[in-house]
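Trainee: Got a minute? I'd like to go through this one with you.
Mentor: Sure, put it up.

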Amino acid sequence: MPKIGDIQLPDFPLLLAPMEDVSDPPFRALCKENGADVVYTEFISSEGLIRDAAKSTMKLDIYEAERPVGIQIFGANLDSMLQSVEIVERTKPDIIDINFGCPVKKVVSRGAGAGILKDIDLMVSLTAAMVKHTDLPITVNLY
């Protein structure tokens, strides 16, 4: 059986992908009610989190009925990503997911999302540092 950290999953788990302007709490609740094994929040900017931007911090709202639930963050700056991990940990998610796949121009132009694929060494070192910085399971999204 597949596992994410200590989270036991069925042989063919159903995971709700993190989707901007879609994966809000009511949608995640609906997906859980209809069989999703794991749900993820909308992706959250690490820069927005460390600056306490309302649009970013409101995406941290998670509820017990959603568990297991993951919070997805994106960014390309090591210090910002590590600080955002600390912020995310306070909300007690089950998983932290890193977005290395978003193709949106304003994300890619900052070297985040799919933009980080231009620097695989940075992507690997950023992921390794985040894994060392938390006890939560870290997953990576490349789509």
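Trainee: How much surface does the protein expose?
Mentor: About 7,600 Å², with carbon and sulfur atoms supplying 57% of it. Those areas come from the Shrake-Rupley method with a 1.4 Å probe. Mind that this is a predicted model: local features need pLDDT of at least 70, side-chain atom pairs count only at pLDDT 80 or more, and totals for chains, interfaces and linings use all residues. Residues are numbered from 1 along each chain as its sequence is written, and side-chain values use heavy atoms, leaving out hydrogens and water.

Trainee: What share of the residues is buried?
Mentor: 45% of the 143 residues. Buried means under 20% relative accessible area, with a 1.4 Å probe and protein chains only.

Trainee: How many helices and strands?
Mentor: The protein has 6 helices and 8 strands. They are DSSP runs: H or I of at least four residues for helices, E of at least two for strands, numbered from the N terminus.

Trainee: New topic. At what angle do H4 and H6 pack?
Mentor: About 35°, with the axes 10 Å apart. H4 is residues 78-89 and H6 is residues 120-133. Axes are lines fitted to C-alpha atoms over the stretch in contact, and angles run from 0 to 180 degrees between N-to-C directions.

Trainee: Which residues make the contact?
Mentor: From H4, Leu78, Met81, Leu82, Val85, Glu86 and Glu89; from H6, Leu126, Ala129, Met130 and His133. Contact means heavy atoms within 4.5 Å.

Trainee: And what size of box do the C-alpha atoms fill?
Mentor: Roughly 35 × 35 × 25 Å, along the principal axes.

Conventions. Buried means under 20% relative accessible area, exposed over 50%, partly exposed in between (1.4 Å probe, protein chains only).
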